[in-house]
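Please open the model in a viewer and keep the sequence panel visible. The stops below are arranged as a series of selections, each followed by a description of what is found there.

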Amino acid sequence: MLVRIILLLSLLFQITCAQKNEKSYQDLYALRILLETATKPKPNPQAACIDAMRSAEACIATAPEFQSGTLTENSYSLISSSNRFTTYSDLCANNLYMYPLPANFVTNNSDAVRECYFKCDSSYWKTRKNLNTCNGTVAIMTTGIFNDSGTTTCKRNCSSSVNNTP
Amino acid sequence: MKFLTTPKQNWIFFLLSLLFLSSEISAVAFRGRLFSRVKNQGEPGLTVVIVTPTSKIPAQTDAEGYFDAEVPSLGNYTFRILRPTGIQEIEKSITADGEVVTLYTDKTPKPKGGIDVEGQKDKTILSRYKVRYDEIKRMPGTLGEALNALQTLPGVFAPPVFGGNNGGCFGGIVIRGADCRTNTYLYDDLPIYYAYHFDSINSVIHNDLIKTIDIYTGAYPANFNNATGGVVEIESTEAAKKATGSFNMSFLLGQAMYQTPLFNGKGYLAAGGKVGYLDKTLGSTGLVPDGIRLPQYNSSNVKFIYNFNSQHQLSFTSLTALDGFVLKAPGGFGSNDPTKEPLAAVAGASVAAGQGFRTLGLRYTWTPSTKFSNRLTLINYEPFNNTNVQFGSLEANFRASAPYVGMRQDLVWNPTNYLKIDLGSEGRVINYNITGYSFRLKDPNNPAPNPYDLTNPSFEKSDITQKTRSNYFNAYTTFHFTFGNFKFEPGVRHDYLDYGKQGATGPRAILSYKVNGILKGTTFFGGAGDYARFPYFDQAISRESGNPNIQFEKARKYGGGIDQQITDDWSVKGELFKQEFTSQIVNDPYISEPYGLNPDKFQRLQRPVVTNRPLNYSNSGTGWSHGYEIFIKKANRPNSKDWFGWISYTWSQSFRNNNIYNADYDPNRNVLLSGDQQRLRALYPNSRELIFEYDITQLLSVVYGWRLTEEYQIGGRWFYRSATPYTPIIGDDGGQFKNPYNSQIYWNPRYSTNPYSTDYTNSRRQAPYHRFDIRIDKFLSYEWGYVNLYLEIINMYVRKNINGENFSSTAPYSKRNPEPQNDFFTLQLPNGMLIPFFNVGMEVRF
């Protein structure tokens with residue numbers, strides 16, 4: 001943390017000096033990108049995956065397929081892993097998820113992209129929960145991830161270098 | 001001599017004698033002659049005063065106009081001729097002891113059909129080539145357009161208009177490996193938006209209103225600006241002894257000119273105009289496919305001069321040009337085979353393009369003495385273009401103009417014999433008005449964008465409407481120091497633009513030294529400078545769709561060489577050059593600002609603000625070029641029957657690097673990165689230097705012209721150049737998309753993505769291009785003037801020169817698709833026989 005703070009202060013100093021020295025817009029752009037990178041935590045797709053599973057669980061628990069209180073991490077993990085794993089941690093560590101992920105999902109996407117995708121899904125479930133729209137079937141609600149414009153835009157933002165939604 | 005008794009005393013006496021006599025020994029004796037060209041005889045009985053730094057030396061001319069005098073040393077002197085009507089001053093160099101110096105006291109009266117050659121400004125020797133109107137007007141292979149003759153000079157290459165992968169320069173020229181869009185064309189120091197009409201053969205300047213053309217191919221003086229390539233300076237005619245005119249018609253266009261003295265010789269008026277009617281001539285032959293209206297254009301040049309007296313002159317210049325072109329490819333197809341339709345690949349596409357400009361210049365010149373001159377020019381300039389394109393996913397419809405009103409001042413002051421000072425400044429109020437929408441390529445590294453790919457379009461449409469007003473100022477100065485044969489010319493200019501609050505300072509200097517010992521003199525010269533260019537009329541600087549922070553493009557130019565005058569007529573010039581390009585504007589898909597208004601105005605209501613708002617363009621590009629040039633010239637006196645000609649040879653290399661991320665060089669390109677990661681990665685660009693698309697290794701021109709008799713003139717030109725590099729097509733996309741207008745499968749070409757392959761970008765060249773052109777002129781003289789009939793035969797030995805590859809997107813990739821694309825200087829008769837391209841024309845001069 002101390003190193004990060006020192007780096008942050010150093011970059012802020014450089015930006016100030018850069019403005020005084022009338023550095024070009026390209027130099028300022030580079031400093032901004034470095035500053036953004038320095039202040040962002042290291043991506044953790046595993047944690048994001050677990051969080052997405054928990055968010056999904058919280059919403060799906062009220063689906064008509066499940067009686068109240070019957071859906072737990074254990075049961076949802078077993079369902080999602082064809083009875084192989086009992087925790088979200090094991091599930092996510094083995095590239096399994098609430099819906100089938102592409103076989104090359106890990107190799108073809110960086111940590112940051114995967115984390116971002118999971119966060120988008122998590123946001124989808126939390127939104128449903130907040131709007132009290134968790135009473136649909138599991139299949140319909142899960143498929144909704146791919147049809148929801150907010151989630152689609154969120155995932156586009158994950159890998160778009162420009163023109164992102166705030 | 002008693003005091004000279006020792007050898008030491010003898011030596012002292014000898015040295016003292018030498019000291020006293022040295023002025024006598026070093027004095028230069030010469031013979032001068034005052035000669036009147038009008039009377040064709042010497043001027044007797046006149047007093048001439050030779051002004052030296054320390055004294056004034058008088059002399060008297062004899063019956064033949066000769067006088068004898070001595071000056072302290074070799075160098076440049078002012079000769080003051082005392083006449084009953086006043087004093088005339090002439091500058092002349094004394095270059096050798098015992099020399100006979102002729103001082104021409106007036107100018108030769110202009111013969112029929114000839115032109116006036118006025119006293120020339122003192123111009124730099126470095127990287128400058130000058131051609132006279134009479135040398136280039138009848139040059140073969142130019143199709144009657146004098147400006148095309150620039151292509152025969154060292155370092156100048158005119159890319160083919162539609163040259164395969166390299167097409168698109170459209171009448172521009174590449175000077176020493178610089179981009180063809182980075183040159184500046186000036187007519188009497190007034191701006192020209194474009195030099196050539198849409199046919200890319202005919203210029204916007206009437207031939208007969210050109211006096212000389214100077215082309216600055218390297219480090220140019222500080223009074224010129226806004227060019228990282230070269231500067232083409234066209235000087236117009238300034239006087240006429242009597243009213244004359246000309247009328248010229250050819251297959252391409254008609255042009256007329258009239259010039260006359262006014263107010264008892266105190267004034268001068270010249271007006272010229274061109275009208276292109278290719279749509280009426282070639283367009284009515286049936287050879288042009290339905291749906292194409294060939295270019296229509298017109299241009300006019302008007303110049304008016306009034307001399308109040310020898311000190312005050314007022315001039316007015318008007319330059320206009322207007323061009324239009326329309327293509328509307330039929331949507332369906334008339335035959336059963338859509339691939340046989342001439343416009344099948346672009347069926348349904350429509351293009352309407354127009355451009356033009358208007359330049360008005362009002363100039364007041366004050367010349368109180370031969371040592372001081374100041375010029376004020378009020379300029380109103382308005383370039384504009386209209387574009388309406390619909391082609392698959394490409395859609396653009398906008399009107400753009402960038403008019404300005406400016407005041408410019410140029411002062412020349414000669415305070416001493418060894419110093420001349422140029423000082424100038426300019427202020428402009430610029431408007432940048434653009435209304436409509438346009439498209440841009442999403443991925444600048446995509447070599448084959450597919451216009452019919454609607455699932456993942458290669459282009460994106462954006463509203464580019466913007467109205468901006470900005471101020472622009474510049475100032476320059478050059479000091480011309482002359483110490484005998486040594487010249488040192490340091491200069492600097494600064495350009496400041498309110499838009500983006502930015503400036504560019506460009507120091508530059510030229511050195512030259514003339515050695516008189518060898519033949520007629522050897523001059524060594526060298527120079528360097530920093531140059532800048534701003535794209536005032538470009539989408540790249542748009543606040544809406546571009547980057548308002550875009551900075552001046554920069555170039556640093558170095559050059560040096562030797563000029564050997566062999567005789568009065570023969571000369572050889574050799575020059576080495578290097579140019580470094582920085583801050584070049586490139587299409588940049590990563591550069592962005594932290595947040596801003598949504599660039600998509602249609603979504604602004606729902607999503608008004610976006611983060612990482614794209615700026616689309618940056619100054620990341622770099623490049624360089626280097627090479628050497630040799631120019632051997634045999635001149636003749638204007639309007640004489642002597643032959644003239646030149647040989648120019650250039651060897652050069654030119655490279656570019658856009659310095660942005662390129663997936664082709666990335667071994668991990670298959671891993672999808674987040675936006676943050678992509679932006680970080682793009683800070684460390686991996687693109688490599690590639691050969692510039694207009695790189696030409698060797699250029700050779702041999703030019704010859706000879707006025708055989710009063711009736712005939714012949715000219716010949718042989719031209720050789722290496723081919724430009726191109727990227728070979730290695731396959732197609734399998735025909736994934738169709739043109740919805742005719743259901744024709746669109747086969748999109750595929751290029752190599754392996755940077756280590758011999759098929760990669762710009763890694764191949766076709767066979768060299770060469771041809772021989774001749775022109776024969778016949779003059780029919782009459783009391784009222786003359787008629788000039790001419791025949792021009794281009795590509796005499798019928799070589800099928802190749803400009804690039806031509807891929808038909810209506811058929812898949814095969815051994816015959818693509819096929820070589822030939823230039824149009826060979827004609828095929830119905831029986832298959834090839835003949836050279838020819839042009840006939842007639843000029844009437846009265």
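**Stop 1: Chain A as a whole**

Select chain A, which has nine helices and zero strands. Read from the N terminus, the elements follow the order α-α-α-α-α-α-α-α-α. Please bear in mind throughout that this is a predicted model.

Colour chain A by burial: of its 166 residues, 40% count as buried. A surface representation of chain A corresponds to about 9200 Å² of exposed area, and carbon and sulfur atoms supply 58% of that area. With regard to contacts between residues at least 6 apart in sequence, 54% of those in chain A join residues at least 24 apart.

**Stop 2: A:S80**

Select A:S80 next. Where in chain A is A:S80 placed? A:S80 is in helix α4, which covers residues 73-80 of chain A. Is A:S80 buried or exposed? Its relative accessibility is 16%, so A:S80 counts as buried, the limit for that class being under 20%.

Show the neighbours of A:S80. Leaving aside residues up to four places away in sequence, A:S80 touches A:M53, A:L91, A:Y97 and A:M98. Now add A:S160 to the selection, 80 residues from A:S80 along the chain. A distance drawn between the C-alpha atoms of A:S80 and A:S160 should read 30 Å.

**Stop 3: A salt bridge within chain A**

Select A:K126 and A:D51. These two residues form a salt bridge in which the closest N and O atoms are 3.5 Å apart. A:K126 lies in helix α7 and A:D51 in helix α3 (residues 45-60), so the pair ties together parts of chain A that are 75 residues apart in sequence. A:K126 is partly exposed, its relative accessible area being 42%. A:D51 also counts as partly exposed, at 34% relative accessibility.

**Stop 4: The interface of chain A and chain B**

Display both chains and select the residues in contact across them: 28 residues of chain A meet 35 residues of chain B. The size of an interface is often given as the accessible area lost when the parts come together. Chain A and chain B bury about 2500 Å² between them, with carbon and sulfur atoms accounting for 53%. Highlight A:Y25, A:Y29 and A:S161, which supply 25% of the area that chain A buries against chain B, more than any other three residues.

Polar features come next. Between chain A and chain B, 15 residue pairs are in polar contact, both residues being at pLDDT 80 or more. Which elements give two or more residues to the side of chain A that touches chain B? They are α2 (25-39), α6 (105-108), α7 (111-130) and α9 (149-158) of chain A. Helix α2(A) gives the most to this side, with nine residues. Coloured by residue class, the side of chain A that touches chain B divides into eleven nonpolar, 13 polar and four charged residues.

Finally at this stop, select A:K40 and B:D676. Across the interface of chain A and chain B the rule finds one salt bridge. A:K40 forms a salt bridge with B:D676, and the closest N and O atoms are 2.6 Å apart.

**Stop 5: Salt bridges within chain B**

Over all chains, a search of the whole structure finds 46 salt bridges. Move to chain B and select B:E575 and B:R176, which form a salt bridge with the closest N and O atoms 3.1 Å apart. This pair links distant parts of the chain, 399 residues apart: B:E575 is in strand β32 (residues 570-587), and B:R176 is in the loop between β11 (174-175) and β12 (184-187). B:E575 is buried, with a relative accessible area of 3%, and B:R176 counts as buried at 2% relative accessibility.

Select B:R765 and B:D695 next. Their salt bridge places the closest N and O atoms 2.5 Å apart. B:R765 lies in strand β45 (residues 764-765) and B:D695 in the loop between β37 (690-691) and β38 (698-707), so the pair ties together parts of chain B that are 70 residues apart in sequence. B:R765 is partly exposed, with a relative accessible area of 35%, whereas B:D695 counts as buried at 3% relative accessibility.

As the last selection, take B:R138, B:R775, B:D777 and B:E843, which are joined into one network by salt bridges that share partners.

Note on methods:
Residues are numbered from 1 along each chain as its sequence is written. Chains are lettered from A and ligands numbered from 1 in the order in which they are written. This is a predicted model: local features need pLDDT of at least 70, side-chain atom pairs count only at pLDDT 80 or more; totals for chains, interfaces and linings use all residues. Side-chain values use heavy atoms; hydrogens and water are left out. Helices (H or I, at least four residues) and strands (E, at least two) are DSSP runs, numbered from the N terminus. Buried means under 20% relative accessible area, exposed over 50%, partly exposed in between (1.4 Å probe, protein chains only). Contact means heavy atoms within 4.5 Å. Accessible areas come from the Shrake-Rupley method with a 1.4 Å probe; for residues, only the protein chains shown count as cover. Buried area is the accessible area (1.4 Å probe) that two parts lose on being put together, summed over both. A salt bridge is a side-chain nitrogen of Lys or Arg within 4 Å of a carboxyl oxygen of Asp or Glu. A polar contact is a pair of N or O atoms within 3.5 Å; within protein, one must be able to donate a hydrogen and the other to accept it, and residues adjacent in sequence count only if both atoms are side-chain atoms. Ala, Val, Leu, Ile, Met, Phe, Trp, Tyr, Cys and Pro count as nonpolar, Asp, Glu, Lys and Arg as charged, and the others, Gly among them, as polar.
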